[in-house]
Amino acid sequence: MTALLSLQNVSKRFRGLVAVDQVSFDVPEGMIYAVIGPNGAGKTTLFNLIAGAMVPDAGSITFAGARIDCLSADAVCRRGLARTFQLVRPFPALTVEDNVVVGALLHRRDVASARERAHDLLRRLDLSDKRGQIAATLTLPDRKRLEVARALATEPKILLLDEVMAGLRPTETDRMVAILRELNRKSGLTILLIEHVMRAVMALASHVVVLDHGTMIAQGAPDVVVRDPAVVQSYLGAEAG
Ligand SMILES: Nc1ncnc2c1ncn2[C@@H]1O[C@H](COP(=O)(O)OP(=O)(O)OP(=O)(O)O)[C@@H](O)[C@H]1O
Ligand SMILES: [Mg+2]
(Lines give C-alpha, C1' and ligand atoms only; values in the text may rest on other atoms or scores of the structure.)
(Ligands and ions follow the chains in the order given, each with its own letter.)
Protein backbone atom coordinates (compact mmCIF):
# COMPACT_ATOMS: atom_id res chain seq x y z
CA MET A 1 0.00 0.00 0.00
CA THR A 2 1.34 3.45 -0.86
CA ALA A 3 1.32 6.09 1.84
CA LEU A 4 -0.88 9.04 0.93
CA LEU A 5 0.38 10.98 3.94
CA SER A 6 3.77 10.38 5.54
CA LEU A 7 5.29 12.01 8.62
CA GLN A 8 9.00 11.63 9.35
CA ASN A 9 10.37 12.75 12.73
CA VAL A 10 8.02 15.73 12.92
CA SER A 11 8.59 18.04 15.91
CA LYS A 12 7.08 21.28 17.15
CA ARG A 13 8.18 23.29 20.15
CA PHE A 14 6.36 26.16 21.88
CA ARG A 15 9.07 27.96 23.87
CA GLY A 16 10.13 25.34 26.41
CA LEU A 17 7.34 22.88 25.63
CA VAL A 18 7.85 20.13 23.06
CA ALA A 19 4.25 19.74 21.86
CA VAL A 20 5.10 17.21 19.10
CA ASP A 21 8.28 15.18 19.50
CA GLN A 22 9.75 13.29 16.52
CA VAL A 23 6.50 11.73 15.38
CA SER A 24 6.64 9.39 12.36
CA PHE A 25 3.82 7.41 10.77
CA ASP A 26 2.25 6.74 7.37
CA VAL A 27 -1.41 6.85 6.38
CA PRO A 28 -2.05 4.59 3.37
CA GLU A 29 -4.55 5.66 0.73
CA GLY A 30 -8.15 4.59 1.37
CA MET A 31 -7.70 3.86 5.08
CA ILE A 32 -9.21 5.32 8.27
CA TYR A 33 -6.57 6.04 10.91
CA ALA A 34 -7.10 7.55 14.35
CA VAL A 35 -4.91 9.65 16.63
CA ILE A 36 -5.72 9.33 20.34
CA GLY A 37 -4.10 10.57 23.53
CA PRO A 38 -4.85 12.58 26.68
CA ASN A 39 -5.61 16.32 26.71
CA GLY A 40 -2.54 18.31 25.73
CA ALA A 41 -0.86 15.31 24.07
CA GLY A 42 -0.19 17.33 20.90
CA LYS A 43 -2.95 15.95 18.66
CA THR A 44 -4.34 19.27 17.40
CA THR A 45 -0.81 20.65 17.03
CA LEU A 46 -0.01 17.64 14.83
CA PHE A 47 -3.03 18.49 12.64
CA ASN A 48 -1.93 22.13 12.47
CA LEU A 49 1.46 20.97 11.22
CA ILE A 50 -0.01 18.61 8.62
CA ALA A 51 -2.57 21.15 7.39
CA GLY A 52 -0.04 23.96 6.99
CA ALA A 53 -1.36 26.13 9.83
CA MET A 54 2.03 25.77 11.57
CA VAL A 55 5.52 24.95 10.30
CA PRO A 56 7.37 22.06 11.99
CA ASP A 57 10.68 22.84 13.71
CA ALA A 58 12.06 19.56 12.39
CA GLY A 59 11.06 16.61 10.25
CA SER A 60 9.18 16.28 6.99
CA ILE A 61 5.58 15.80 5.90
CA THR A 62 4.85 14.27 2.50
CA PHE A 63 1.41 14.19 0.91
CA ALA A 64 0.61 12.47 -2.41
CA GLY A 65 4.32 12.19 -3.15
CA ALA A 66 5.35 15.79 -2.46
CA ARG A 67 6.69 17.68 0.56
CA ILE A 68 4.00 19.91 2.06
CA ASP A 69 5.62 21.06 5.31
CA CYS A 70 6.68 24.42 3.87
CA LEU A 71 3.35 25.19 2.22
CA SER A 72 0.59 27.51 3.43
CA ALA A 73 -2.71 26.09 4.71
CA ASP A 74 -4.38 27.28 1.52
CA ALA A 75 -1.84 25.53 -0.71
CA VAL A 76 -2.14 22.31 1.30
CA CYS A 77 -5.93 22.43 0.95
CA ARG A 78 -5.65 22.95 -2.84
CA ARG A 79 -3.55 19.80 -3.05
CA GLY A 80 -6.38 17.80 -1.53
CA LEU A 81 -6.04 17.87 2.25
CA ALA A 82 -9.02 19.21 4.20
CA ARG A 83 -9.48 19.50 7.96
CA THR A 84 -12.17 20.32 10.46
CA PHE A 85 -11.53 22.39 13.58
CA GLN A 86 -11.95 21.22 17.18
CA LEU A 87 -13.98 24.38 17.78
CA VAL A 88 -16.26 24.39 14.75
CA ARG A 89 -15.99 27.48 12.57
CA PRO A 90 -18.87 27.87 10.12
CA PHE A 91 -19.69 31.31 8.70
CA PRO A 92 -22.44 31.96 11.29
CA ALA A 93 -24.50 34.43 9.26
CA LEU A 94 -24.62 32.31 6.10
CA THR A 95 -27.09 29.53 5.41
CA VAL A 96 -26.02 25.90 5.74
CA GLU A 97 -25.99 25.61 1.94
CA ASP A 98 -23.91 28.75 1.37
CA ASN A 99 -21.35 27.57 3.93
CA VAL A 100 -20.77 24.50 1.78
CA VAL A 101 -20.89 26.45 -1.50
CA VAL A 102 -17.99 28.63 -0.26
CA GLY A 103 -15.84 25.51 0.16
CA ALA A 104 -16.90 24.09 -3.19
CA LEU A 105 -15.82 27.27 -5.00
CA LEU A 106 -12.19 26.30 -4.36
CA HIS A 107 -12.26 23.95 -7.35
CA ARG A 108 -15.43 24.99 -9.19
CA ARG A 109 -15.48 28.11 -11.27
CA ASP A 110 -19.20 28.71 -11.43
CA VAL A 111 -21.61 29.02 -8.56
CA ALA A 112 -24.17 26.65 -10.14
CA SER A 113 -21.67 23.80 -10.18
CA ALA A 114 -20.53 24.63 -6.62
CA ARG A 115 -24.17 24.59 -5.52
CA GLU A 116 -24.69 21.20 -7.17
CA ARG A 117 -21.69 19.84 -5.24
CA ALA A 118 -23.11 21.39 -2.04
CA HIS A 119 -26.50 19.73 -2.57
CA ASP A 120 -24.86 16.33 -3.01
CA LEU A 121 -22.80 16.77 0.17
CA LEU A 122 -25.74 18.06 2.23
CA ARG A 123 -27.63 14.91 1.21
CA ARG A 124 -24.75 12.68 2.29
CA LEU A 125 -24.39 14.52 5.61
CA ASP A 126 -28.15 14.38 6.35
CA LEU A 127 -28.48 18.17 6.19
CA SER A 128 -30.67 18.63 3.10
CA ASP A 129 -33.75 19.67 5.08
CA LYS A 130 -31.71 22.32 6.95
CA ARG A 131 -29.99 23.83 3.93
CA GLY A 132 -31.83 27.17 4.16
CA GLN A 133 -31.19 27.56 7.88
CA ILE A 134 -28.68 30.13 9.18
CA ALA A 135 -25.61 28.22 10.42
CA ALA A 136 -25.54 29.98 13.80
CA THR A 137 -28.94 28.48 14.69
CA LEU A 138 -27.90 24.84 14.21
CA THR A 139 -27.70 22.35 17.07
CA LEU A 140 -24.26 20.91 17.93
CA PRO A 141 -24.72 17.61 16.01
CA ASP A 142 -25.85 19.53 12.91
CA ARG A 143 -22.94 21.98 13.24
CA LYS A 144 -20.49 19.08 13.45
CA ARG A 145 -21.92 17.52 10.28
CA LEU A 146 -21.84 20.92 8.55
CA GLU A 147 -18.16 21.19 9.45
CA VAL A 148 -17.55 17.85 7.72
CA ALA A 149 -19.59 18.95 4.66
CA ARG A 150 -17.60 22.19 4.44
CA ALA A 151 -14.31 20.30 4.51
CA LEU A 152 -15.53 17.79 1.91
CA ALA A 153 -16.66 20.61 -0.37
CA THR A 154 -12.99 21.29 -1.20
CA GLU A 155 -12.82 17.79 -2.78
CA PRO A 156 -10.07 16.37 -0.58
CA LYS A 157 -8.13 13.13 -1.00
CA ILE A 158 -7.72 13.04 2.78
CA LEU A 159 -9.96 14.41 5.50
CA LEU A 160 -8.55 15.34 8.93
CA LEU A 161 -11.24 15.37 11.63
CA ASP A 162 -10.47 16.98 15.00
CA GLU A 163 -12.94 15.54 17.54
CA VAL A 164 -16.07 15.65 15.36
CA MET A 165 -17.79 13.30 17.82
CA ALA A 166 -17.08 15.39 20.94
CA GLY A 167 -20.22 16.34 22.83
CA LEU A 168 -22.52 14.14 20.73
CA ARG A 169 -24.99 11.69 22.23
CA PRO A 170 -24.43 8.00 21.41
CA THR A 171 -27.14 7.98 18.70
CA GLU A 172 -25.58 11.05 17.04
CA THR A 173 -22.13 9.47 17.35
CA ASP A 174 -23.42 6.35 15.59
CA ARG A 175 -24.92 8.51 12.86
CA MET A 176 -21.57 10.26 12.29
CA VAL A 177 -19.73 6.92 12.32
CA ALA A 178 -22.12 5.57 9.65
CA ILE A 179 -21.67 8.67 7.48
CA LEU A 180 -17.87 8.55 7.71
CA ARG A 181 -17.77 4.83 6.98
CA GLU A 182 -19.94 5.38 3.91
CA LEU A 183 -17.68 8.19 2.63
CA ASN A 184 -14.67 5.92 3.05
CA ARG A 185 -16.30 2.89 1.39
CA LYS A 186 -18.12 4.58 -1.46
CA SER A 187 -15.70 7.36 -2.35
CA GLY A 188 -12.44 5.80 -1.14
CA LEU A 189 -11.86 8.84 1.04
CA THR A 190 -8.83 8.53 3.33
CA ILE A 191 -9.58 9.75 6.86
CA LEU A 192 -7.32 10.69 9.78
CA LEU A 193 -9.34 11.43 12.90
CA ILE A 194 -8.48 12.72 16.34
CA GLU A 195 -11.04 11.27 18.71
CA HIS A 196 -11.62 10.78 22.41
CA VAL A 197 -14.83 8.78 21.86
CA MET A 198 -13.39 5.27 21.91
CA ARG A 199 -16.49 3.54 20.56
CA ALA A 200 -16.13 5.65 17.41
CA VAL A 201 -12.39 4.90 17.17
CA MET A 202 -13.01 1.17 17.55
CA ALA A 203 -15.83 1.24 14.98
CA LEU A 204 -13.95 3.22 12.33
CA ALA A 205 -10.19 3.01 12.55
CA SER A 206 -8.05 0.16 11.24
CA HIS A 207 -4.96 1.68 12.83
CA VAL A 208 -4.46 3.90 15.88
CA VAL A 209 -1.57 6.23 16.73
CA VAL A 210 -1.25 7.13 20.43
CA LEU A 211 0.37 10.39 21.51
CA ASP A 212 1.38 11.30 25.04
CA HIS A 213 3.27 14.51 25.85
CA GLY A 214 4.03 14.91 22.15
CA THR A 215 5.58 11.46 21.79
CA MET A 216 4.10 8.55 19.90
CA ILE A 217 3.93 5.88 22.61
CA ALA A 218 2.16 3.20 20.55
CA GLN A 219 0.60 2.47 17.19
CA GLY A 220 -1.22 -0.50 15.72
CA ALA A 221 -4.59 -2.20 15.41
CA PRO A 222 -7.18 -0.65 17.78
CA ASP A 223 -7.86 -3.82 19.77
CA VAL A 224 -4.12 -4.33 20.34
CA VAL A 225 -3.37 -0.69 21.17
CA VAL A 226 -6.12 -0.42 23.82
CA ARG A 227 -4.55 -3.35 25.69
CA ASP A 228 -1.02 -1.89 25.56
CA PRO A 229 0.01 -1.23 29.19
CA ALA A 230 1.63 2.14 28.32
CA VAL A 231 -1.59 3.29 26.63
CA VAL A 232 -3.79 2.09 29.48
CA GLN A 233 -1.57 3.91 31.95
CA SER A 234 -1.38 7.23 30.08
CA TYR A 235 -4.81 7.52 28.65
CA LEU A 236 -7.47 4.90 29.03
CA GLY A 237 -6.69 4.39 32.73
CA ALA A 238 -6.81 8.11 33.34
CA GLU A 239 -10.14 8.35 31.54
CA ALA A 240 -11.63 5.45 33.50
CA GLY A 241 -10.38 6.86 36.81
N1 LIG B 1 -0.20 28.02 19.80
C2 LIG B 1 0.30 27.50 20.93
N3 LIG B 1 1.19 28.18 21.69
C4 LIG B 1 1.71 27.66 22.81
N5 LIG B 1 1.39 26.43 23.29
C6 LIG B 1 0.51 25.70 22.58
C7 LIG B 1 -0.09 26.19 21.36
N8 LIG B 1 -0.93 25.24 20.89
C9 LIG B 1 -0.87 24.20 21.73
N10 LIG B 1 -0.01 24.48 22.76
C11 LIG B 1 0.34 23.57 23.86
O12 LIG B 1 0.83 22.38 23.26
C13 LIG B 1 0.36 21.22 23.96
C14 LIG B 1 -0.41 20.35 23.01
O15 LIG B 1 -1.64 20.98 22.71
P16 LIG B 1 -2.69 20.39 21.68
O17 LIG B 1 -3.77 21.39 21.54
O18 LIG B 1 -1.97 19.97 20.46
O19 LIG B 1 -3.19 19.10 22.47
P20 LIG B 1 -4.38 18.09 22.14
O21 LIG B 1 -3.79 16.71 22.18
O22 LIG B 1 -5.09 18.49 20.91
O23 LIG B 1 -5.33 18.26 23.42
P24 LIG B 1 -6.96 18.19 23.55
O25 LIG B 1 -7.29 16.72 23.65
O26 LIG B 1 -7.22 18.89 24.85
O27 LIG B 1 -7.57 18.87 22.38
C28 LIG B 1 -0.45 21.75 25.14
O29 LIG B 1 0.39 21.79 26.27
C30 LIG B 1 -0.86 23.14 24.70
O31 LIG B 1 -1.04 23.98 25.80
MG1 LIG C 1 -6.99 19.11 20.48
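In this predicted model, ligand 1 is surrounded by Phe-14, Leu-17, Ala-19, Gly-37, Asn-39, Gly-40, Ala-41, Gly-42, Lys-43, Thr-44, Thr-45 and Gln-86. Sorted by class, this shell holds 4 nonpolar, 7 polar and 1 charged residues. Two elements, β2 (17–28) and α1 (43–50), each provide at least two residues of the shell. The biggest share comes from α1, which gives 3 residues to the surroundings of ligand 1.

Helix α1 is worth a look beyond the ligand. The helix is mostly covered, with 7 of its 8 residues buried. These buried residues are Lys-43, Thr-45, Leu-46, Phe-47, Asn-48, Leu-49 and Ile-50. Among them, Lys-43 and Thr-45 also belong to the residues that surround ligand 1. Just after the helix ends, the backbone at Gly-52 adopts a positive phi of about 85°.

Attention now turns to strand β8, which spans residues 190–194 and is mostly covered, with 5 of its 5 residues buried. The cover extends to both faces of the strand. On one side lie Thr-190, Leu-192 and Ile-194, on the other Ile-191 and Leu-193, and every one of these residues is buried.

Strand β8 has pairing partners in β3 and β7. With β3 (residues 32–36), the pairing is parallel and runs over 4 bridges; here Tyr-33 stands opposite Leu-192 of β8. With β7 (residues 158–162), the pairing is again in the parallel sense, this time over 5 bridges, and Leu-161 has Leu-193 of β8 as its bridge partner. The connection from β7 to β8 passes through helix α6 (residues 170–187), forming a β-α-β crossover that is right-handed. Leu-192 and Leu-193 thus appear twice in this picture, both as buried residues of β8 and as the residues facing Tyr-33 and Leu-161, respectively.

A further helix, α3, covers residues 96–104 and is likewise mostly covered, with 7 of its 9 residues buried. The buried set consists of Val-96, Glu-97, Asn-99, Val-100, Val-101, Gly-103 and Ala-104. For readers following along in the structure, the elements that cover these buried residues include two other helices, α4 (111–124) and α5 (140–152).

Methods: Residues numbered from 1 in each chain as written. Chains lettered and ligands numbered in written order. Predicted model: local features only at pLDDT ≥ 70, side-chain atom pairs only at ≥ 80, totals over all residues. Buried ≥ 20, exposed ≤ 12 C-beta atoms within 10 Å, placed from the backbone. Pairing = 2+ DSSP bridges. Right-handed = clockwise from strand over helix to strand, strands pointing away. Near = placed C-beta within 6 Å. Nonpolar A, V, L, I, M, F, W, Y, C, P; charged D, E, K, R; others polar. Contact = placed C-beta atoms within 7 Å.
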